[in-house]
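The following exercises are to be worked through with the sequence and the structure at hand. Each task is followed by a solution in steps.

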Amino acid sequence: MTTQEFWNKVKSPEYKVTQPRLAFADVLVQNQDVMLSAESLYEKTKTIFPKTNLSTIYRNLESLERLNMIYKVTTDDGLNLYKLKCASNEHHHHIICTKCGKVLDIHFCPFDTFSELAGKAGFTITEHRLELYGLCEDCRK
Ligand SMILES: [Zn+2]
Ligand SMILES: [Zn+2]
Ligand SMILES: [Zn+2]
């Protein structure tokens, strides 16, 4: 996704273009394949727009989450990591590097068997999430 595509997609009166938001959008677009904490997003945004602060970053993340723009995971340590939602609307899964946060798309879903088993037990699965965690090639070196 380019920054232009980002703003076309947001298109909400609730999220008007402001200078801090432009900087934040740049950071999100530049890191759309990496899961980052709010603190890291803040550090990166600060290099473009020094006057921003962490609470602004949190507020922007909340607004963008409401606008369905953000993909968020919570690690076992309770840390929230964020990135822009993938451009692909197709259902897929992610492998996330626990060291650098790099995300790889996996276009395979192993859940058909689960759905079948759940169906036999009288359940309809309405949604599921699955993230795989590991170390990427660079971080393994
Ligand atoms: Zn890595
Ligand atoms: Zn993806
Ligand atoms: Zn799936």
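**Exercise 1. State how many helices and strands the protein has, and give their order along the chain.**

Solution.
Step 1. In this predicted model, the protein has six helices and five strands.
Step 2. Read from the N terminus, the elements follow the order α-α-α-α-β-β-β-β-α-β-α.
Step 3. As to extent, the C-alpha trace spans about 55 × 45 × 25 Å along its principal axes.

**Exercise 2. Describe how helix 1 and helix 2 pack.**

Solution.
Step 1. Two packed helices are described by the angle between their axes and the distance between the axes.
Step 2. For helix 1 (residues 3–10) and helix 2, the angle is about 115° and the axes are 9 Å apart.
Step 3. The crossing of these two helices is right-handed.
Step 4. On the side of helix 1, the residues in contact are T3, F6 and W7; they meet R21, L22, A25, D26, L28 and V29 of helix 2.
Step 5. Sorted by character, the residues of this contact comprise six nonpolar, one polar and two charged.

**Exercise 3. Determine whether helix 2 is oblique or parallel to helix 3, and identify the residues that form the contact.**

Solution.
Step 1. The axes of helix 2 (residues 19–30) and helix 3 (residues 38–48) come within 9 Å and cross at roughly 120°.
Step 2. Because of this angle, helix 2 is oblique to helix 3.
Step 3. Helix 2 contributes P20, A23, F24, D26, V27 and L28 to the contact, while helix 3 contributes L41, K44, T45 and I48.
Step 4. Seven of the contact residues are nonpolar, one is polar and two are charged.
Step 5. The handedness of this crossing is right-handed.

**Exercise 4. Classify the arrangement of helix 2 and helix 4 from the angle between their axes.**

Solution.
Step 1. The axes of helix 2 and helix 4 (residues 54–66) cross at roughly 70° and come within 11 Å.
Step 2. Angles of 65 to 115 degrees count as roughly perpendicular.
Step 3. The two helices are therefore roughly perpendicular to each other.
Step 4. R21, F24 and L28 of helix 2 make the contact with I57, N60, L61 and L64 of helix 4.
Step 5. These contact residues divide into five nonpolar, one polar and one charged.
Step 6. Helix 2 passes helix 4 in a right-handed crossing.

**Exercise 5. Name the donors of the zinc ion (ligand 1) and explain why their arrangement is tetrahedral.**

Solution.
Step 1. The SG atoms of C97, C100, C136 and C139 coordinate the zinc ion (ligand 1) at 2.2 to 2.3 Å.
Step 2. Along the chain, the spacing of these donors is C-x2-C-x35-C-x2-C.
Step 3. Four donors count as tetrahedral if all angles lie between 85 and 135 degrees.
Step 4. The four donor atoms subtend angles of 103 to 114°, and the arrangement is therefore tetrahedral.

**Exercise 6. Carry out the corresponding analysis for the zinc ion (ligand 2) and the zinc ion (ligand 3).**

Solution.
Step 1. The zinc ion (ligand 2) has as protein donors C86 (SG), H92 (NE2), H94 (NE2) and D105 (OD), which lie 2.0 to 2.1 Å from the ion.
Step 2. Their spacing along the chain is C-x5-H-x1-H-x10-D.
Step 3. Because the angles among the four donor atoms are 94 to 123°, the arrangement around the zinc ion (ligand 2) is tetrahedral.
Step 4. The zinc ion (ligand 3) is coordinated at 2.0 to 2.2 Å by H91 (NE2), H93 (NE2), C109 (SG) and H128 (NE2).
Step 5. Here the donors follow the spacing H-x1-H-x15-C-x18-H.
Step 6. The site of the zinc ion (ligand 3) is tetrahedral, with angles of 98 to 116° among its four donor atoms.

Technical notes: Residues numbered from 1 in each chain as written. Chains lettered and ligands numbered in written order. Predicted model: local features only at pLDDT ≥ 70, side-chain atom pairs only at ≥ 80, totals over all residues. Heavy atoms only, no water. Axes fitted to C-alpha atoms, helices over the stretch in contact; angles between N-to-C directions. Helix = DSSP H or I, 4+ residues; strand = E, 2+ residues; numbered from the N terminus. Parallel < 35°, antiparallel > 145°, perpendicular 65-115°, else oblique. Left-handed = near helix turned anticlockwise from the far one by under 90°. Contact = heavy atoms within 4.5 Å. Nonpolar A, V, L, I, M, F, W, Y, C, P; charged D, E, K, R; others polar. Donors = N, O, S within 2.8 Å, 3.2 Å for Na, K, Ca; no water. Tetrahedral: all angles 85-135°; square planar, octahedral: opposite > 155°, others 65-115°.
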